Amino acid sequence: MRNKPKVLVLRTAGTNCDMETAFAFETVGAAPDLAHINQIIAGKKHLRDYEILVLSGGFSYGDDIGAGKILANEMRFRLKDRIKDFLREGRLIIGICNGFQILVKSGFLPGNGALRQEVSLIMNDSGKFEDRWVYLVDSSQITDDRKVPKCVWVRDMPRVIYLPVAHGEGKFVAADAKILERLRKNGQIVFQYCDAGGCPAGYPENPN
């Protein structure tokens with residue numbers, strides 16, 4: 001019998017959806033464990049005991065100085081070496097909503113080795129919190145990059161998917177055009193906002 005992959009769902013003040021995220025992993029056959037970041041920092045629980053690290057949605061520390069920024073700093077300055085070892089061993093990390101904001105603001109994404117922040121998520125162009133359903137298209141289907149392997153998290157998904165968004169700081173920006181081009185060549189632009197037919201589109205199809 002195959003062992004269930006062990007999943008650490010990281011939480012802190014303001015995190016939500018962590019229990020739902022743990023339930024989702026349990027539903028597909030994993031063994032999730034919810035842990036506060038202070039337990040990891042103090043060494044009461046260890047990243048090396050897990051195959052997957054999950055940063056779920058919410059408003060960590062109330063997003064007081066920007067979405068995800070405080071938890072991003074904790075990860076960068078207090079867990080950097082442990083997370084780098086985790087990644088070096090080929091283990092998986094996923095950031096959902098606020099978790100993705102944390103990963104980009106900590107510098108762990110898009111992954112330059114130096115943990116220098118190159119991208120961010122800023123206020124939506126609409127100037128408001130966008131909470132609705134949107135379409136996303138597999139970006140490899142609208143470029144010449146079809147030979148680039150997909151992100152492991154989206155393998156075998158349909159070309160166009162329909163899902164909810166809920167964020168005020170969702171506009172992805174990069175420090176310069178070279179970084180965007182590097183992301184494209186590396187196959188790191190996994191999805192793009194689109195209309196129901198799969199064609200890239202602006203607002204309101206793109207909520208950011």
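Eight nonpolar residues, no polar ones and no charged ones make up the lining of the second largest cavity. Here nonpolar covers Ala, Val, Leu, Ile, Met, Phe, Trp, Tyr, Cys and Pro, charged covers Asp, Glu, Lys and Arg, and the others, Gly among them, are polar. This is a predicted model, in which local features need pLDDT of at least 70 and side-chain atom pairs count only at pLDDT 80 or more, while totals for chains, interfaces and linings use all residues. Residues are numbered from 1 along each chain as its sequence is written, and side-chain values use heavy atoms, with hydrogens and water left out.

Let's stay with the empty spaces. A cavity is a set of points on a 1 Å grid over the protein atoms alone where a 1.4 Å probe fits but cannot get out, and lining residues have an atom within 4 Å of a point. Points are joined across faces, edges and corners, and the volume is the space filled by probe spheres set on them. The structure holds two cavities of 30 Å³ or more. The second largest has a volume of about 40 Å³, and its lining consists of L8, L10, I40, L47, L53, M75, L79 and I83.

What about the largest cavity? Its volume is about 50 Å³. It has 13 lining residues, with L10, T15, S56, L71 and I102 nearest its centre. The mix of this lining is five nonpolar, seven polar and one charged. Both β1 (6–11) and α5 (98–106) supply at least two of its residues; helices (H or I, at least four residues) and strands (E, at least two) are DSSP runs, numbered from the N terminus.

Now for the sheets. Four strands line up as β2-β1-β3-β4 in an open sheet with parallel pairing, where two strands pair if DSSP finds at least two bridges between them. At the edges sit β2 (31–36) and β4 (92–95), each pairing on one side only. Between β1 and β2 there are six bridges, and L10 stands opposite A35 in β2. Helix α1 (residues 18–27) packs on this sheet, touching β1, β2, β3 (52–55) and β4, and its direction makes about 160° with that of β2. Contact means heavy atoms within 4.5 Å; axes are lines fitted to C-alpha atoms, for helices over the stretch in contact, and angles run from 0 to 180 degrees between N-to-C directions.

There's also an antiparallel open sheet of three strands, in the order β7-β6-β9. Its edge strands are β7 (160–167) and β9 (191–194). Strand β6 (residues 130–138) is joined to β9 by four bridges, and Y135 stands opposite C194 in β9.

Definitions and conventions: 1 Å grid on protein atoms, 1.4 Å probe; cavity = no way out; pocket = protein on both sides within 12 Å on 5 of 7 lines; lining within 4 Å.
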